[in-house]
Amino acid sequence: QVQLKESGGGLVQPGGSLRLSCAVSGSIFSFAVMGWYRQAPGKQRDLVASITSAGKTTYADFVKGRYTISRDNARNTVYLQIDSLIPDDTADYYCYVRQGPTYWGQGTQVTVSS
């Protein structure tokens, strides 16, 4: 059974940085796509970024160069570096793995506030 566990969220001041991690356990294949969504209060869940096993990345337009996704295939871990945080980045961030079905983590909360 595939399980995902996010970490790294928290309360950050505007302009700060965070690095979210998502460790995946269970049987996943090297070709699985991994990535992150986020859901702000009262809003729909939006794709933030994704990355293939070959390292090809895709970002949402609203990322505007402040987000960097990466993965460590040997450790089945995907990361999301967020720089220059703004209040609009406040949301629950969910990682996922897609290999046929999609598996989700429980989410990690990011709050950007002074």
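This report walks through the disulfide, a four-stranded sheet and a hairpin of the predicted model shown above.

Two notes on the ground rules. Residues are numbered from 1 along each chain as its sequence is written, and because this is a predicted model, local features need pLDDT of at least 70, side-chain atom pairs count only at pLDDT 80 or more, and totals for chains, interfaces and linings use all residues. Side-chain values use heavy atoms, with hydrogens and water left out.

**The disulfide**

Let's start with the cysteines. If a disulfide is taken as a pair of cysteine sulfur atoms within 2.5 Å, the count comes to 1 disulfide. The partners are cysteine 22 and cysteine 95, whose sulfur atoms are 1.9 Å apart. The torsion about their S-S bond is about 50°, so the disulfide is right-handed. Cysteine 22 belongs to strand S3 (residues 18-25) and cysteine 95 to strand S9 (residues 91-98), so the pair ties together parts that are 73 residues apart in sequence. Strands here are DSSP runs of E with at least two residues, numbered from the N terminus. Both cysteine 22 and cysteine 95 are buried, where buried means under 20% relative accessible area with a 1.4 Å probe, protein chains only.

**The sheet around S3**

Strand S3 also takes part in an open sheet of 4 strands, ordered S1-S3-S8-S7 with antiparallel pairing. Its edge strands, S1 (3-7) and S7 (67-72), each pair on one side only. Two strands count as paired if DSSP finds at least two bridges between them. On average, neighbouring strands of this sheet are turned by 15° against each other, direction ignored; the axes are lines fitted to C-alpha atoms, and angles run from 0 to 180 degrees between N-to-C directions.

**Strand S4 and its partners**

Now to strand S4 (residues 33-39). Of its 7 residues, 5 are buried, so S4 is largely enclosed by the rest of the structure. S4 pairs with S9, the strand that holds cysteine 95, and with strand S5 (residues 45-51). S4 and S5 form a hairpin with 5 residues between them, and glycine 42 in the turn has a positive phi of about 75°.

Here are three antiparallel pairings, each with one facing residue pair:

| Strands | Bridges | Residues facing each other |
|---|---|---|
| S3 and S8 (residues 77-82) | 6 bridges | leucine 18 and isoleucine 82 |
| S4 and S9 | 7 bridges | glutamine 39 and aspartate 92 |
| S4 and S5 | 6 bridges | methionine 34 and isoleucine 51 |

Conventions:
Buried means under 20% relative accessible area, exposed over 50%, partly exposed in between (1.4 Å probe, protein chains only).
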